There are 2 protein chains.
Amino acid sequence: MNPPGDRLEAMLGWLRHAGCRITPQRLEILKVLAVSEGHPSAETIHQRVATHFPTMSLATVYKTLAVLKTAGQVLELEFSDRDNRYDGNRPEPHPHCICQGCGAILDPDLTSLDALASLAARQTGFRIQSLRLDFYGLCPACQARRAAASGNKPA
Amino acid sequence: MNPPGDRLEAMLGWLRHAGCRITPQRLEILKVLAVSEGHPSAETIHQRVATHFPTMSLATVYKTLAVLKTAGQVLELEFSDRDNRYDGNRPEPHPHCICQGCGAILDPDLTSLDALASLAARQTGFRIQSLRLDFYGLCPACQARRAAASGNKPA
DNA sequence: CTATATGCAAATCGTTTGCACCTTA
DNA sequence: TAAGGTGCAAACGATTTGCATATAG
């Protein structure tokens with residue numbers, strides 16, 4: 001849903017700015033992520049890149065993903081019972097519909113978050129059975145701790 | 001926030017109905033879950049129960065949790081980068097605030113889900129940096145597949 | 001009595017790490 | 001050529017599983 005070139009350029013730009021090198025393998029990983037539909041796993045990304053680089057290792061994929069994660073250039077969907085999924089196409093946090101039958105991951109298009117479950121169900125045809133809504137951030141104690149640690153300089 | 005006895009009775013009732021046996025170890029696990037504040041991990045549950053049953057194994061905790069999960073009597077919060085957390089006190093899905101600093105898990109009290117991030121932030125004092133909103137259910141294809149498999153009998 | 005639970009140890013499996021060898025800039 | 005990346009293999013760690021023994025009902 002994103003002009004693929006935009007996302008690729010954004011990722012490349014960030015890496016260059018951070019002083020990272022653009023290797024052929026890395027470029028290929030970025031390309032796969034930039035057009036990622038269906039929230040691929042690290043394994044899937046590896047397989048696709050391996051088409052062009054038979055020696056490519058899974059570890060390299062994970063290492064590149066780690067860099068992009070901290071950069072906010074890729075969204076990681078964590079699971080404990082199956083492999084994590086990645087979205088380089090829409091790296092901002094957004095709601096997902098996850099099928100408990102086949103594992104498919106869809107993006108409901110909720111402009112506001114008000115509508116929520118019923119809207120998501122209507123749009124995707126999902127029969128929603130449960131949901132997961134997590135907020136990630138810093139609790140008051142950690143905010144204070146961090147502020148103190150950085151000598152009152154805001155992040 | 002729940003009358004502890006209620007939750008304990010609910011879990012016990014379900015287990016009995018399902019033909020499960022109430023062993024002393026299991027009863028102790030249920031008690032820990034029924035009063036669980038702070039979303040304990042399997043490890044934490046094990047440690048607490050081990051106070052009364054020194055021979056108690058972690059595997060037994062996991063096995064009991066598995067039964068309760070399928071019964072909907074305990075809520076599992078899955079993570080890939082750390083151990084899962086469990087809530088036997090409020091087994092229905094509900095939003096959480098997860099501190100990226102110390103890992104604390106709080107329950108914001110959102111009567112409606114409209115308010116969302118800003119309300120959660122105001123209530124808990126969290127500085128919210130990202131969120132996770134997942135809907136779990138069945139996609140249209142799997143609904144059809146399941147309906148066909150069960151001979152048109154609805155679940 | 002008999003189906004079920006316990007608890008130990010070993011297996012799983014996605015992910016991470018160490019390290020020697022390459023490559024980009 | 002120096003900082004950084006690659007890729008192999010080994011390590012990790014939470015969770016699961018197999019199986020012999022114990023026990024609830």
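**Close-up views of a predicted protein–DNA model**

By class, the protein surface near DNA strand D is made up of 7 nonpolar, 6 polar and 6 charged residues. Keep in mind that this is a predicted model.

**View 1. The protein surface around DNA strand D.**
Start with the neighbourhood as a whole: 19 residues sit around DNA strand D. The ones that come nearest are A:Arg21, A:Thr23, A:Arg26, A:Lys63 and B:Tyr62. Now look for the helices. In chain A, α2 (24-34) and α4 (58-70) each give at least two residues to this surface, and so does α4 (58-71) of chain B. What part of the DNA is the protein next to? Among the strand D atoms within 4 Å of the protein, 68% are sugar or phosphate atoms, and the rest are base atoms.

**View 2. Two lysines and the bases of DNA strand D.**
Zoom in on Lys63, once in each chain. In chain A, an N or O atom in the side chain of A:Lys63 is 2.5 Å from a base oxygen of DNA strand D. You've already met A:Lys63 in the list of residues that come nearest to the strand. Over in chain B, the side chain of B:Lys63 has a polar atom 3.2 Å from a base oxygen of DNA strand D.

**View 3. B:Asn84 at a phosphate.**
Here we leave the bases and turn to the backbone of the DNA. A polar atom of B:Asn84 lies 2.8 Å from a phosphate oxygen of DNA strand D. On the protein side, that atom belongs to the backbone of B:Asn84.

**View 4. His39 in chains A and B.**
Check the backbone angles in this one. A:His39 isn't a glycine, yet its phi is positive, at about 55°. You'll find A:His39 in the loop between α2 and α3 (42-50) of chain A. Is A:His39 buried or exposed? Its relative accessibility is 5%, so A:His39 counts as buried. Now hop to chain B: B:His39 also has a positive phi, near 55°, and isn't a glycine either. B:His39 lies in the loop between α2 (24-34) and α3 (42-50) of chain B. With 6% relative accessibility, B:His39 counts as buried.

**View 5. A:Ser41 and its neighbours.**
A:Ser41 belongs to the loop between α2 and α3 of chain A. Why does A:Ser41 count as buried? Because its relative accessibility is 3%, and buried means under 20%. The side chain of A:Ser41 makes a polar contact of 3.0 Å with the side chain of A:Thr44. Leaving out residues up to four places away in sequence, A:Ser41 touches A:Asp83, A:Asn84, A:Arg85 and A:Tyr86.

Technical notes
Residues numbered from 1 in each chain as written. Chains lettered and ligands numbered in written order. Predicted model: local features only at pLDDT ≥ 70, side-chain atom pairs only at ≥ 80, totals over all residues. Heavy atoms only, no water. Near = heavy atom within 4 Å. Polar contact = N/O pair within 3.5 Å; in protein donor to acceptor, adjacent residues only side chain to side chain. Helix = DSSP H or I, 4+ residues; strand = E, 2+ residues; numbered from the N terminus. Nonpolar A, V, L, I, M, F, W, Y, C, P; charged D, E, K, R; others polar. Buried < 20%, exposed > 50% of the residue type's maximum accessible area, 1.4 Å probe, protein only. Contact = heavy atoms within 4.5 Å.
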